[in-house]
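Here is a friendly walk through one protein chain for anyone meeting it for the first time. Have a look at the sequence and the structure, then read on.

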Amino acid sequence: MTQRTLPPLNFPQLQQRAWKVGAGCLVVCLLWAIFLNPAQFFHAYLMAYLFWLGIALGGLAIVMLHHLVGGTWGALIQRLLEAATRTLPLMALLFLPLLFGLRHLYSWAQPEIVANDAILQHKSAYLNVPFFILRTVFYFLVWFVMAYLLNRWSQQHERLHGQPVQMSIRRRLRRLSAPGLGIYAMTLTFASIDWVMSLEPHWYSTLYGLVFLVGQVLSALTFAIVVLTLLLSVDPIARVATPALFHDLGNLLLAFIMLWAYLSFSQFLIIWSGNLAEEIPWYLHRTHGGWDVMAMFLILLHFALPFVVLLSRGAKRQPRSLARVAAVVLCLHLIDLFWLIMPALHPAKLFIHWLDLVTPIGVGGLWLAVFIHHLTSRSFIPLEDRRLQGVAEHG
């Protein structure tokens, strides 16, 4: 590895700054919501919340995928993603403000609107506030259990010595990961329907959950690549990271970018060609009044540019080059969430409020502070994992 000149990270200082910036930004945003424009705040908060929650849940999916299929590609990002999954209790706590904004977010949470809408009355058995809260609690309980077991058994695998014991724990991790990926896909599909698709409850898409799922995995993978690059000067990562490992991560990133583009285009093509009155308005809102410019921006920078760059073997084997691409895709995922959520509030034309910029910084500050705490509480890599020998020799 040739690029190890990054300055050492001061984790306590980074954590302290993240707390201060996050808390300060959220206090300002909350004051604005209370006294001026609660609807704008709750839409911005939902976008910011889903962005950072996506890194935690996407990390959960990648960890399970790694335990299930094996391979050297996940050895160095396993601990990073496990630390991300341990932020789920914080994200459950940060979901509480959204409960106070249900009337500002969802038309089905307003009885006066439901009373005059036959479609919402038909869907009221599912789209109602008590059942919405009950489902949300269930989602988080399922995610908590899977994250807890994966982290606990992974730590046991590192702490307990002896090949038979470690093989037994690895089998346990695989047996959880196989159904766990299916459970993650199902719960996330319903969560995306509840939290985002029901912003416009007359519209529906059977591909929506998959698009959301791939977006989360993509955001977690890009985040892990960026953090791994920042940690290249830190032992023991510096001793085992190889260009071949980054090449594998680059190939995986390229695969998920292509999958995201394929699913997004498939959803658009099916709905647009069907041209049904109950489906097409969702895309009409997002292809007029400036939202179409943002859509083209996403096509070019979220898919076309990363796709072309990641075709290069050299770009994937250079950590900093790959990290730049990953950082761009990660930022574009936030813009993608903005494009999905905000037209429900401003369908006529593109509108960007300062809350849309500050709220992700506020939620992200708190999330990063907790992430740094969990990241530094354990080793950066699974020290007793026999697959690390394969990482060092790979390529």
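A polar contact is a pair of N or O atoms within 3.5 Å; inside a protein, one of the two has to be able to donate a hydrogen and the other to accept it. Keep that in mind for His-43, whose side chain reaches the backbone oxygen of Ala-39 at 2.9 Å. One more thing before the tour: this is a predicted model.

## The chain as a whole

What is the secondary structure of the chain made of? It comes to 19 helices and zero strands. Along its principal axes, the C-alpha trace spans about 65 × 40 × 40 Å. A compact globule with 395 residues would have a radius of gyration near 21 Å, and the chain has 21 Å, so the two agree.

Buried residues make up 53% of the 395 residues in the chain. As for the outside, the chain exposes about 17,000 Å², and carbon and sulfur atoms supply 70% of that. Take the contacts with a separation of 6 or more: residues 24 or more positions apart account for 83% of them.

## The nonpolar core

In soluble globular proteins, nonpolar side chains tend to be buried together. Here, the largest nonpolar core has 128 residues, and those with the most contacts inside it are Tyr-49, Tyr-106, Trp-143, Trp-195 and Leu-253. Helix α2 gives the largest share of this core, with 20 residues.

Let's pick out Tyr-106. Not counting residues up to four places away in sequence, Tyr-106 touches Leu-46, Phe-132, Asp-194, Trp-195, Ser-198 and Leu-199. One of those partners, Trp-195, is also on the list of residues with the most contacts inside the core.

## His-43 and Thr-229: side chains that reach back

Back to His-43, which sits in helix α2, a stretch covering residues 38-69. Is His-43 buried or exposed? It counts as buried, because its relative accessibility is 2%. Leaving aside neighbours within four places in sequence, His-43 is in contact with His-104, Leu-105, Leu-199, Ile-341, Met-342 and Leu-345.

Thr-229 belongs to helix α11, residues 208-230. Its side chain reaches the backbone oxygen of Ile-225 at 2.8 Å. With a relative accessibility of 4%, Thr-229 counts as buried.

## Two cysteines, no bond

Now for a little puzzle: why is there no bond between the sulfurs of Cys-25 and Cys-29? A disulfide needs the two cysteine sulfur atoms to be within 2.5 Å. The closest cysteine sulfur to that of Cys-25 is in Cys-29, but it is 6.5 Å away, so it is too far for a bond. Looking from the other side, Cys-29 has Cys-25 as its closest cysteine partner, at that 6.5 Å, and again this is too far. By this rule, the count for the model comes to zero disulfides.

Both residues are tucked away from the surface: Cys-25 counts as buried at 17% relative accessibility, and Cys-29 counts as buried at 0%. Cys-25 lies in helix α1, residues 11-35. Beyond its neighbours within four places in sequence, Cys-25 is in contact with Val-358, Ile-361 and Gly-362. For a sense of distance, the C-alpha atoms of Cys-25 and Val-165 are separated by 47 Å, with their positions 140 residues apart along the chain.

## A covered helix and a partly exposed alanine

How many residues of helix α3 are buried? This helix, residues 78-85, is mostly covered, with eight of its eight residues buried. Among them are Arg-79 and Glu-82, along with Leu-80 and Leu-81.

Ala-255, in helix α13 (residues 243-274), counts as partly exposed, with 40% relative accessibility. Ala-255 and Leu-310 are 55 residues apart in sequence, and their C-alpha atoms are 9.8 Å apart in space.

## A loop residue that is buried

Let's finish in a loop. Glu-279 is found in the one between α13 and α14, and it is buried, with a relative accessible area of 11%. Which residues does Glu-279 contact, leaving aside its neighbours within four places in sequence? They are Trp-203, Tyr-204 and Ile-271. Ser-205 is 74 residues from Glu-279 along the chain, yet the C-alpha atoms of the two are separated by 8.1 Å.

Notes. Residues are numbered from 1 along each chain as its sequence is written. This is a predicted model: local features need pLDDT of at least 70, side-chain atom pairs count only at pLDDT 80 or more; totals for chains, interfaces and linings use all residues. Side-chain values use heavy atoms; hydrogens and water are left out. Buried means under 20% relative accessible area, exposed over 50%, partly exposed in between (1.4 Å probe, protein chains only). Helices (H or I, at least four residues) and strands (E, at least two) are DSSP runs, numbered from the N terminus. Contact means heavy atoms within 4.5 Å. The radius of gyration is taken over C-alpha atoms; the globule rule is 2.2 Å times the number of residues to the power 0.38. Accessible areas come from the Shrake-Rupley method with a 1.4 Å probe; for residues, only the protein chains shown count as cover. A nonpolar core is a set of buried Ala, Val, Leu, Ile, Met, Phe, Trp, Tyr and Cys residues joined through side-chain atoms within 4.5 Å.
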